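This report reads a protein model from its atoms, starting at one acidic residue and widening to the whole chain. Please keep the sequence and the coordinates open alongside the text.

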Amino acid sequence: MLTDAQAGRLESLLEGKGFERREVPYARFSFAGPSLLVTVYEKKNKLLLQGKGTDDFIEFTLEPQVTGLLSLPEEAEEDEGGKGAHFGIDESGKGDYFGPLVVAGVYADGRIGAALRKLGVCDSKLVGSSARIRSLAEGIRRVPGIRFHLVSIGPERYNQLYPEFKNLNRFLAWGHATVIEGLAAKVPDCPMALSDQFANPFVLKRALAAKKLSIRLEQRVRAESDVAVAAASILARERFVNWMDAAGEAAGMKLPLGASGQVVKAARQLVAQHGEQMLPKVAKMHFKTTQNVLK
């Protein structure tokens, strides 16, 4: 048996991996993949796995990415009035040479958290397609009572701001603190914020202190297991992929993710077509990738 949240994560995973959706009577959803059939039935989210790929799927996908994920404590899931209310903060684009840095935050109490779980919200890294990211993001924005805040720093502004921080973690801390500040203005009685931990916890605490924010802060590695942080990761990723698609279309070429050799090749092609002055408009110039592009 799966919980509603686990069933939603599993459905998102299978869609992202390109499994073919099937129609099965009384099923919440069913997918066919290489040597594997996956069906979750409406009654109690009963899971049925069939095929030679079952053992590998359980070991490498189901347990680590679906049933093994942490969730909010039960009292927060059952709460209907605000107990367990918190902000969840996450970012997208920090490891990508091309594109913006986007930090997002979402407010969730028990009722909102339950709605997000029912929607199938999960860590954006588990969602394999931009279409699904956009669909989840639209669903998040429609949840009654939802509050969110985004800070999107495009490459040109990013390249202007980075020298002030001289360190990516301090830059990220400023972004996270700015999002928490924005959320606190919208929900001033929220008691705490949970952030995906990206550095020594003191770095973000200092950034919050600089803004004179006194909210209780928790930082956790893999905090996307929390539904509010997961929702923030979806909203941040949506803003990032939308920017990448629009910038790629304007440049007349696809801008790849990450900072690999494929990215270097694309950046050199971009420079050849549009000149070096184009690079700071689409790329984070402090990355070592820049040296490889321009050498």
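Leaving aside its neighbours within four places in sequence, which residues is Glu224 in contact with? In this predicted model, the contacts of Glu224 are Asp90, Asp123, Lys125, Asp196, Val229, Ala230 and Ser233, once those neighbours are set aside. Glu224 itself is placed in the loop that runs between β9 (216-220) and α9 (227-251). With a relative accessible area of 8%, Glu224 is buried, because buried means under 20% relative accessible area.

**Salt bridges**

One of the contacts named above, Lys125, is also the salt-bridge partner of Glu224, and the closest N and O atoms of the pair are 3.1 Å apart. Since Lys125 lies in the loop between α4 (110-119) and α5 (130-142) while Glu224 lies in the loop between β9 and α9, the pair ties together parts that are 99 residues apart in sequence. The two partners are covered in opposite ways: Glu224 counts as buried at 8% relative accessibility, whereas Lys125 is exposed, its relative accessible area being 61%.

The structure holds 13 salt bridges, including the three listed here with their N to O distances.

| Acidic residue | Basic residue | N to O distance |
|---|---|---|
| Glu224 | Lys125 | 3.1 Å |
| Glu181 | Lys211 | 3.2 Å |
| Glu218 | Arg216 | 2.8 Å |

The salt bridge between the side chains of Glu181 and Lys211, at 3.2 Å from N to O, likewise links distant parts of the chain, with Glu181 in helix α7 and Lys211 in the loop between α8 (201-210) and β9, 30 residues apart. Glu181 is partly exposed, with a relative accessible area of 34%, and Lys211 also counts as partly exposed, at 24% relative accessibility.

In the salt bridge of Arg216 with Glu218, the closest N and O atoms are 2.8 Å apart. Arg216 counts as partly exposed at 46% relative accessibility, and Glu218 counts as partly exposed at 31%. Elsewhere, salt bridges that share partners join Glu11, Glu15, Arg21 and Arg132 into one network.

**Helix α7**

The helix that carries Glu181 spans residues 168-186, which is 19 residues, and reaches 27 Å from its first C-alpha to its last, close to the 27 Å expected at 1.5 Å a residue. At the start of α7, a side-chain oxygen of Asn167 comes to within 2.8 Å of the backbone nitrogen of Asn169. The buried residues of α7 are Phe171, Leu172, Ala173, Gly175, His176, Ala177, Thr178, Val179, Ile180, Gly182 and Leu183, whereas Glu181 in the same helix is partly exposed at 34%.

**The whole chain**

The protein contains 12 helices and 9 strands. For 295 residues, a compact globule would have a radius of gyration near 19 Å, and the 20 Å of this protein agrees with that. Taken along the principal axes, the C-alpha atoms fill a box of roughly 60 × 45 × 30 Å.

How much of the protein counts as buried, and what part of its accessible surface belongs to carbon and sulfur atoms? Of the 295 residues, 51% count as buried, and the accessible surface comes to about 14400 Å², of which 50% belongs to carbon and sulfur atoms. Among contacts between residues at least 6 apart in sequence, 65% join residues at least 24 apart. The salt bridge of Glu224 with Lys125 ties together parts 99 residues apart, and that of Glu181 with Lys211 links parts 30 residues apart.

Conventions
Residues numbered from 1 in each chain as written. Predicted model: local features only at pLDDT ≥ 70, side-chain atom pairs only at ≥ 80, totals over all residues. Heavy atoms only, no water. Helix = DSSP H or I, 4+ residues; strand = E, 2+ residues; numbered from the N terminus. Expected span 1.5 Å × (residues − 1). Buried < 20%, exposed > 50% of the residue type's maximum accessible area, 1.4 Å probe, protein only. Polar contact = N/O pair within 3.5 Å; in protein donor to acceptor, adjacent residues only side chain to side chain. Rg over C-alpha atoms; globule rule 2.2 N^0.38 Å. Contact = heavy atoms within 4.5 Å. Areas by Shrake-Rupley, 256 points an atom, 1.4 Å probe, with all protein chains shown as cover. Salt bridge = Lys/Arg side-chain N within 4 Å of Asp/Glu carboxyl O.
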